[in-house]
Amino acid sequence: MLEIQRLRSEKESVIEGLKKRHFDATEIVNSILSKDEQWRLEMAKLQEVSSKMNQISKQIGFLFKEGKAAEANEAKTQTSVLKTVEAELKEKVDDLQAEITELMYQLPNVPNELVKVGKSEQDNETVFEHGTEPDFGFKAIPHWEIADKFNLIDFELGVKITGAGFPVYIGKGAKLQRALIAFFLDEAEKNGYVEHQAPILVNEDSAMGTGQLPDKEGQMYYMPVDDFYLIPTGEVPLTNIYRNVILPNEDFSIKITGYTPCFRREAGSYGKDVRGLNRLHQFDKVEIVRVEHPDNSEKALNEMIDHVKGLLEKLGLQYRILRLCGGDTGFAAAMTYDFEVYSAAQDKWLEVSSVSRFDTFQSTRLKLRFKNADKKSQLCHTLNGSALALPRIVASLLENHQTENGVNIPECLHKYLNFTKI
RNA sequence: GGAGAAUUGGCAGAGUGGUCGAAUGCACUGGUCUUGAAAACCAGCGUACCGCAAGGUACCGGGGGUUCGAAUCCCUCAUUCUCCGCCA
């Protein structure tokens, strides 16, 4: 959520910035500001009335104490009108507040200055490329065929147990998952991220805090009996660790990581996009999350990018980095870099990581602040990224490291496995 | 799952309808004293919103209610502790 103060003071630049998303915010912003003005007006009235009520109540207290019951009762009669007025104003103020909040929820984050105007993924900029397409010397086969051939993953079995999109990993397939998780966590730790194991069911406040609610309600699995949501990403529990937190000074840089399963309903997905491991309802991911001073946010983002680069290079994968255009940047993000690995077998780029900075968009909702030099509370910046999501990495490894009679496992994983080839 | 007790400021802890945003202690910040430190003493010390300011409003686990007035009474939800039951 954007800060209302920002709308008040930088209305034009917010509207201008949101145009990069092809989002015309003029109407919403104007509506917010006019309601905001009204709200302040009514608020002032309400406070005045409340003040008067408080005064009278205090007086009544005094009068009773002094035994002047008659005068006290007389004063009481004065209050009934005020009370009605107060209730009316209160309702007006609350309604306005609710309307403003609802409108605020509709505004996406303002893109960073580096982000280009654009509508869809066609407009994303490639900012970095690494590696070359592997030369197999034979027709590369897609990961689902490899997985089937070596009995690494059983998609049908998952259908029996749960449904489509819940694969069962078997033998070397399961071990590979475990090795990747361990590798990612160890690498994150080397770069200063503190490992956490957090709940994968979260309450409504948490889902609100990171922005999954109210915008993306349909994306999450929901458990009505207990009013919990299954997390769509580790970002939710990890970032919410810092909900309602005021850090004591401006000398901080919080770096945390965690492995979690992730659950996404992915309603409406179909066809080759969901083939094999390309899109699942349940998958594993190691997430890195940072809470930073606003001045440090850019540096943090670059460090995260370098971190992910390192992982992909150690895994020996050819990849490119895209800076998403305005229209393709997620609702809450100010800037996002996607990492994609090329799959010759599928003849397509697979998104394997997404690293974003949110500036204060999440911390507004989270109420995540720090005390600045003037001892004032100021909103922190939050960032997060996948480092990495497992399924497409597994797909890429199987596809890009395939040989005529198997798959070579990259060296960085050897110490976690009792085999080096599949 | 059942029964009971509890939830107050960074921490500890008082307050059971009226001048309480909340005693007191500790911690913390500034000052006095001291060669320096400690001790002692003095002062300050929550969050948010409205306002140029003076000031005002809201907040005692969350939400709702009673009342002229609620930290205090009622309802409800959550959490913690104790006992019983069940259990990886």
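In which hand does α7 pass α12, left or right? Keep that question open while you select the pieces. The model on screen is predicted.

**Stop 1: α7 and α12**

Select α7, residues 172–190. Add helix α12, residues 390–400. Turn the view until both axes are visible. The two helices pack at an angle of about 115 degrees. Their axes are 11 Å apart. Angles of 65 to 115 degrees count as roughly perpendicular, so α7 is roughly perpendicular to α12. Now the opening question: α7 passes α12 in a right-handed crossing.

Show side chains next. On α7, pick Leu176, Gln177, Leu180, Ile181 and Phe184. On α12, pick Leu390, Ile393, Val394 and Leu397, which those α7 residues meet. Colour them by class. You should get eight nonpolar residues, one polar and no charged ones.

**Stop 2: α7 and α10**

Keep α7 and hide α12. Bring up helix α10, residues 297–314. What angle do the axes of α7 and α10 make where they cross? Roughly 140 degrees, and the axes come within 11 Å. Angles over 145 degrees would count as roughly antiparallel, so this pair is oblique instead. The crossing of α7 over α10 is right-handed.

Select Phe183, Phe184, Glu187 and Ala188 on α7 for this contact. Their partners on α10 are His307, Leu311 and Lys314. Colour by class again: four nonpolar, one polar and two charged residues. Pause on Phe184: this α7 residue takes part in the contact with α10 and also in the contact with α12.

**Stop 3: RNA strand B**

Switch to RNA strand B and display its protein surroundings. How many residues surround the strand? There are 21, and the closest are Gln47, Ser57, Phe62, Lys76 and Lys371. Of the strand's atoms within 4 Å of the protein, sugar and phosphate account for 58%.

Click through three polar contacts:

- Arg40: a polar side-chain atom lies 3.1 Å from a phosphate oxygen of RNA strand B.
- Ser57: a polar backbone atom is 2.6 Å from a base nitrogen of the strand.
- Ser377: an N or O atom in its side chain is 2.9 Å from a phosphate oxygen of the strand.

Then colour the surroundings by element. Those giving two or more residues to this surface are α1 (4–9), α3 (26–65), α4 (69–106) and β14 (368–371). Which element gives the largest share? α3 does, with 13 residues. By class, the surface near the strand has five nonpolar, nine polar and seven charged residues.

**Stop 4: backbone details**

Hide the RNA and show the backbone. Most peptide bonds are trans, and most residues other than glycine have a negative phi. Three places here are worth a click.

Go to Leu213 and Pro214. A cis peptide bond joins them, with omega about 0 degrees. Pro214 sits in the loop between α8 (204–209) and β6 (222–223).

Jump to Ala387 and Leu388. The bond from Ala387 to Leu388 is also cis, with omega near 0 degrees. Where is Leu388 placed, in a strand or in a loop? Leu388 belongs to strand β16, residues 381–389.

Finish at Asn151. Its phi is near 55 degrees, a positive value in a residue that is not glycine. Asn151 lies in the loop between α5 (143–149) and β2 (153–154).

Conventions:
Residues are numbered from 1 along each chain as its sequence is written. Chains are lettered from A and ligands numbered from 1 in the order in which they are written. This is a predicted model: local features need pLDDT of at least 70, side-chain atom pairs count only at pLDDT 80 or more; totals for chains, interfaces and linings use all residues. Side-chain values use heavy atoms; hydrogens and water are left out. Axes are lines fitted to C-alpha atoms, for helices over the stretch in contact, and angles run from 0 to 180 degrees between N-to-C directions. Helices (H or I, at least four residues) and strands (E, at least two) are DSSP runs, numbered from the N terminus. Angles under 35 degrees count as roughly parallel, over 145 as roughly antiparallel, 65 to 115 as roughly perpendicular and the rest as oblique. A crossing is left-handed if the near helix is turned anticlockwise from the far one by less than a right angle, and right-handed if clockwise. Contact means heavy atoms within 4.5 Å. Ala, Val, Leu, Ile, Met, Phe, Trp, Tyr, Cys and Pro count as nonpolar, Asp, Glu, Lys and Arg as charged, and the others, Gly among them, as polar. A residue is near a molecule or strand if one of its heavy atoms lies within 4 Å of it. A polar contact is a pair of N or O atoms within 3.5 Å; within protein, one must be able to donate a hydrogen and the other to accept it, and residues adjacent in sequence count only if both atoms are side-chain atoms.
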